Amino acid sequence: MATPTVPTAPSGVPDELAALLADDDALAAAVDAAEMPALLPALAHLTGELDLVDDALRPPLRLLPDRVEPQGGMAPEVVAAARERALAALRRFRDSGMVAAPEPATATLRRLMRFVAGDVGDEYLPLMAHELGLPDDVGAPGWTVDEVAPGRTLDVVVVGAGMSGLVTAHRLTQAGVGVTVLERNDDVGGVWLENGYPGARLDTANFAYSYSFAQRPDWPHQFSARDDIHDYFRSVADAFDLRRLVRFGHEVVAAEYDDATARWTVTARDRDGTEVVLDADAVISATGQLNRPKLPDVPGRDSFAGPAFHTARWRHDVDLTGRRVAVIGTGASAYQVVPSIVDRVASLTVFQRTPPWMAPTPTYHAPIPEPARALARALPHYPRWLRFLQFWTSVDGRRPFMEVDPDWDHPVSVSARNEALRRALVANLEARFGDRPDLLAKVVPDYPPGAKRMMRDNGVWAAALHREHVALVTDAITEVTPTGVRTADGAEHQVDVVVYATGFHAEEFLAPITVRGREGRDLHAQWGGDARAHLGVHVPGFPNLFCVYGPNTGLVINGSILLFSEIAVHHVLGLLRELLERDAAAVEVRPEAHDAYNARVDAGSARMAWGVATVNSWYRNAAGRVSQVWPFPLLDYWRMVREPDLAEYAFHPRRSAEQNARA
Ligand code: NAP
């Protein structure tokens, strides 16, 4: 894949742009294929022609219950006018010697951002600039350990080299922190490495699913396939030289804080079982949420005679051609697997406990047309603004449709808006399954939209379920036998292969690592199965232990999980800088700040569909509390987390060697 950076300031015009501008037909095709709400600000950015972002051309970006409008909802005649203006501007740029305008002043940049986002409050602007990546690498720490505390070193162990671990390692390295990443797998990429099942792909828009500091201009799809996403993370590791920091094949088994030295001892085991012990000032957990496969606790599970495996441990050595296959589960993984294997199996029995809601997304598998990709490769700033457009449309996404109206009284919706969404989604299901009343009766959910993860529907799921050799079984599974799966009605569904698409132990943060903090306290005993962390990052009693993508930072419907990790890392670096400036040894959240925050989170969850609905979902832990996902708007995470509120933390002093000897 291409280097994951947007072509930067066009002082030297890229060759690809010169070539595109020289070819009138290619240029017209590129403009035809472009997203106008992104192309117009990109061109204004490049040329300085601000009339390109006239109010008359502004995209309305309406929030509709069931779909995202193409071209930001611009009327066809406005799109046509915008194309004409864009083409003319490109030609003028070419004919006047391709001289780029200077980088926009702040006021101009705001005008460009507001062209896309509308008249949003000033409080959004720093977040928006961050996501545009302007100025370049705006999220970099901007300080180093050497500058802040000359002569002192700071060593950090990062657990995991997935999406969160990579950004953590990169930012810490920029600040001159010593970093060792311990990764149990043999490559970077986390879930994108582990989930190699057929059909795995993104279900959030792709440009926005990338780091602000490593934007990729030429994504092949709007929702890219797993290999492209995995390649992206690998290329980020290469571009920022992060692999040298990673010890692959090392699974962390324990981390222990020493009160006397205020340091952590981290124990990892390599593939041979050899233990490696590292000593560090701090530990950052970037272990993610969806990486420990959960198998259903049904009798006879181990008695099955044929191959049986979890989607995240896909057996590529098992050829499914002509086999009778069971897929257990109808979550996001099953939803992608089933249509991908349906053509090659002899029969497919899909076991559904809870049907998913499906959001119509006709372009879910569609490639980005080549002229649009060519434009993104060639035209400086266009991919940046495209990413911004996707980011903005997902900032709060359909979140308002999931908010609970306390006065709304309905068994399967939580507000009038939620009900409108539900009806639109039911209408879509009726269109997909209306010809098969037997299936329709099984696939319409009886819980509010937003209570659990929604699927992207381009018709392939319904088409697969319609096939003659496919059965959708909704009777409860009572047993796995040597030859199949038995259900509550007594039937044995005989199969050759069982695929468990049954999800992950999302609620068991940092499991199965033994973590001991101050005075020997055990993290998992303290949590008692109900993980909580201040801002998703800090746990009282565990100084200098930080989580990135920790409790209550997953996303249901709004925003970008990569941005959350970028924000959390910035927060941690802010505290580490403060620690150095105070010449302190460790930082720890004050229990009262932690408790107040968690009470606020719980109250926030109770205002969202996923917090009030009782349907099964991986968002809730065994205690019934939503401990995995973020209940507030995305901007709140930026405002609450990015710059730490120092009053919420205690800084433990450094002890002299003498004090340590006495202790
Ligand atoms: P999941 O959403 O937790 O789904 C697990 C499925 O297994 C559910 O349908 C569940 O039913 C079913 N199940 C569990 N135990 C069962 C039993 N004993 N009998 C019958 N059915 C049983 O797991 P997932 O599909 O792996 O997805 C997890 C998350 O990973 C997603 O929500 C998403 O955030 C992420 N993901 C993302 C993508 C992507 O496109 N980017 C793809 C895959 C996964 P219940 O619903 O009744 O519990």
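Student: How many aromatic pairs does the count come to?

Tutor: In this predicted model, the count comes to 21 aromatic pairs. One of them joins phenylalanine 309 and tryptophan 314, whose rings lie 4.9 Å centre to centre with 80° between the planes, an edge-to-face pair.

Student: Why does the pair of tryptophan 618 and tyrosine 619 count as edge-to-face?

Tutor: The general idea is that planes over 60 degrees apart count as edge-to-face. The planes of tryptophan 618 and tyrosine 619 stand at 70°, with the ring centres 4.8 Å apart, so this pair is edge-to-face.

Student: Which of these rings belong to buried residues, and which to partly exposed ones?

Tutor: A residue counts as buried under 20% relative accessible area and as exposed over 50%, with partly exposed in between. Phenylalanine 309 is buried because its relative accessible area is 5%, and tryptophan 314, at 11%, counts as buried by that rule. In the other pair, tyrosine 619 is buried with a value of 0%, whereas tryptophan 618, at 29%, counts as partly exposed.

Student: Which residues form one aromatic cluster?

Tutor: One such cluster is formed by Trp192, Tyr209, Tyr211, Phe213, Trp219, Tyr232, Phe233 and Phe240.

Student: Where does the charged end of arginine 417 sit?

Tutor: The charged end of arginine 417 sits over the ring of phenylalanine 401, at 5.4 Å from the ring centre. In another case, arginine 600 lies over the face of phenylalanine 632, and there the distance to the ring centre is 5.9 Å.

Student: Turning to the ligand, which residues come nearest?

Tutor: There are 25 residues around the ligand, and those that come nearest are Arg201, Ser333, Thr354, Lys452 and Trp618. By class, this shell has eleven nonpolar, nine polar and five charged residues. Helix 11, residues 332-341, gives the largest share of the shell, with three residues.

Student: What lies 3.2 Å from an oxygen atom of the ligand, and what else is paired with a ligand oxygen?

Tutor: A polar contact is read from a pair of N or O atoms within 3.5 Å. A backbone N or O atom of alanine 501 is 3.2 Å from a ligand oxygen, and a polar backbone atom of aspartate 203 is 3.4 Å from an oxygen of the ligand. From threonine 354 the partner is an N or O atom of the side chain, with 2.5 Å between that atom and a ligand oxygen. Taken alone, the ligand exposes 900 Å², and the protein buries 87% of that.

Student: How should I read backbone geometry such as a cis peptide bond or a positive phi?

Tutor: Most peptide bonds are trans, and most residues other than glycine have a negative phi, so departures from either pattern can be picked out for inspection. The peptide bond from leucine 134 to proline 135 is cis, with omega near -10°, and proline 135 is found in the loop between helix 6 (125-132) and helix 7 (145-148). Another cis peptide bond joins alanine 511 and proline 512, with omega about 0°; proline 512 is placed in the loop between strand 17 (497-500) and strand 18 (514-516).

Student: Where is aspartate 137, and is tyrosine 549 buried or exposed?

Tutor: Aspartate 137 is in the loop between helix 6 and helix 7, and its phi is near 50°, a positive value. Tyrosine 549 has a phi near 60° and lies in the loop between strand 19 (545-547) and helix 19 (561-581). Tyrosine 549 counts as buried because its relative accessibility is 16%, whereas aspartate 137 is partly exposed at 30%.

Notes:
Residues numbered from 1 in each chain as written. Heavy atoms only, no water. Near = heavy atom within 4 Å. Polar contact = N/O pair within 3.5 Å; in protein donor to acceptor, adjacent residues only side chain to side chain. Areas by Shrake-Rupley, 256 points an atom, 1.4 Å probe, with all protein chains shown as cover. Helix = DSSP H or I, 4+ residues; strand = E, 2+ residues; numbered from the N terminus. Nonpolar A, V, L, I, M, F, W, Y, C, P; charged D, E, K, R; others polar. Phe/Tyr/Trp six-rings, centres within 6.5 Å; stacked < 30°, edge-to-face > 60°. Buried < 20%, exposed > 50% of the residue type's maximum accessible area, 1.4 Å probe, protein only. Lys NZ or Arg CZ within 6 Å of the ring centre and 35° of its normal.
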